[in-house]
Amino acid sequence: NSGEVWSYGNSFEITFIDGTARLITSKANNGIKTADGISVGDDAGKLWRTYGRAYKSMKNAYLYRNSFIYLKFTMSGEKISEISIFVDG
């Protein structure tokens with residue numbers, strides 16, 4: 001597989017594998033939100049009220065799954081510090 005990363009400043013990246021966007025990451029409160037309105041800087045309570053229980057909880061991160069699409073919220077304390085969406089398959 002060939003990969004390529006497009007970076008937009010220090011806060012946003014898109015990773016392409018074989019020409020298809022497979023990973024999108026937001027690392028700052030840069031105006032980018034999930035379809036349900038969650039953005040970097042929001043608190044854990046808002047995340048849980050919006051998405052409910054995580055598919056998988058990890059140290060400092062919560063993973064949500066919808067078929068083959070995953071949302072990963074990385075936490076710094078009680079605040080979201082990074083949001084990633086990736087496609088598996």
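1. Arginine 49 counts as exposed, because its relative accessibility is 66% and the cut-off for that class is over 50%. The residue belongs to helix 1. The model under review is a predicted one, and each remark below should be read as a remark on that prediction.

2. A second reference point is serine 67, which is found in the loop between strand 5 and strand 6. Serine 67 is also classed as exposed, with a relative accessibility of 52%. The C-alpha atoms of arginine 49 and serine 67 are separated by 21 Å, and the two residues are 18 residues apart along the chain. The backbone of serine 67 deserves a remark as well: its phi is near 60 degrees, a positive value in a residue other than glycine.

3. The loop that holds serine 67 lies between two paired strands. Strand 5 covers residues 61-66 and strand 6 covers residues 69-76. The two run antiparallel and are joined by six bridges. Within this pairing, tyrosine 64 has leucine 71 of strand 6 as its bridge partner.

4. These strands are part of a wider arrangement. Seven strands form an open sheet, and their order across it is 1-2-3-7-6-5-4. The pairing is antiparallel. Which strands stand at the edges? They are strand 1 (3-8) and strand 4 (56-58); each has a single partner strand, so one side of each is left without a neighbour in the sheet. On average, neighbouring strands of this sheet are turned by 15 degrees against each other, direction ignored. As general background, strands of a sheet pair through backbone hydrogen bonds, either parallel or antiparallel.

5. The sheet may be followed from the edge at strand 1. Six bridges join strand 1 to strand 2 (residues 12-17), and the two strands run antiparallel. Tyrosine 8 stands opposite phenylalanine 12 of strand 2. The two strands form a hairpin with three residues between them. In this turn, glycine 9 has a positive phi of about 65 degrees.

6. Strand 2 pairs in turn with strand 3, again in the antiparallel sense and over six bridges. Threonine 15 has leucine 23, in strand 3, as its bridge partner. These strands also form a hairpin, here with two residues between them.

7. Aspartate 18 is in the loop between strand 2 and strand 3. What is its phi, given that it is not a glycine? The value is positive, about 50 degrees. Aspartate 18 is partly exposed, because its relative accessible area of 48% falls between the limits of 20% for buried and 50% for exposed.

8. The next pairing joins strand 3 to strand 7 through four bridges, and these strands run antiparallel. Isoleucine 24 has isoleucine 85 of strand 7 as its bridge partner. Both isoleucines reappear in the lining of the largest pocket.

9. The largest pocket has a volume of about 160 Å³. Its lining consists of Phe12, Ile24, Thr25, Ser26, Ile32, Lys33, Thr34, Leu71, Ile83, Ser84 and Ile85. By type, these residues divide into six nonpolar, four polar and one charged. Strand 3 (20-26) and strand 7 (79-87) each supply at least two residues of the lining.

10. Is threonine 34, one of the lining residues, buried or exposed? Threonine 34 is buried, because its relative accessible area is 12% and the limit for this class is under 20%. Threonine 34 lies in the loop between strand 3 and helix 1. Its C-alpha atom is separated by 14 Å from that of arginine 65; the two residues are 31 residues apart along the chain.

11. The largest nonpolar core has 11 residues: Ile38, Val40, Ala44, Leu47, Ala54, Tyr64, Leu71, Phe73, Met75, Ile80 and Ile83. Helix 1 (44-51), strand 6 and strand 7 are the elements that give two or more residues to this core. Strand 6 provides the largest share, three residues. In soluble globular proteins, nonpolar side chains tend to be buried together.

12. A final point concerns residues with more than one role. Leu71 belongs to the core and also lines the largest pocket. Ile83 likewise appears in the core and in the pocket lining. Tyr64 and Leu71, both members of the core, are bridge partners.

Methods
Residues numbered from 1 in each chain as written. Predicted model: local features only at pLDDT ≥ 70, side-chain atom pairs only at ≥ 80, totals over all residues. Heavy atoms only, no water. 1 Å grid on protein atoms, 1.4 Å probe; cavity = no way out; pocket = protein on both sides within 12 Å on 5 of 7 lines; lining within 4 Å. Points joined across faces, edges and corners; volume = space filled by probe spheres on them. Nonpolar A, V, L, I, M, F, W, Y, C, P; charged D, E, K, R; others polar. Pairing = 2+ DSSP bridges. Axes fitted to C-alpha atoms, helices over the stretch in contact; angles between N-to-C directions. Core = buried A, V, L, I, M, F, W, Y, C linked by side-chain atoms within 4.5 Å. Buried < 20%, exposed > 50% of the residue type's maximum accessible area, 1.4 Å probe, protein only.
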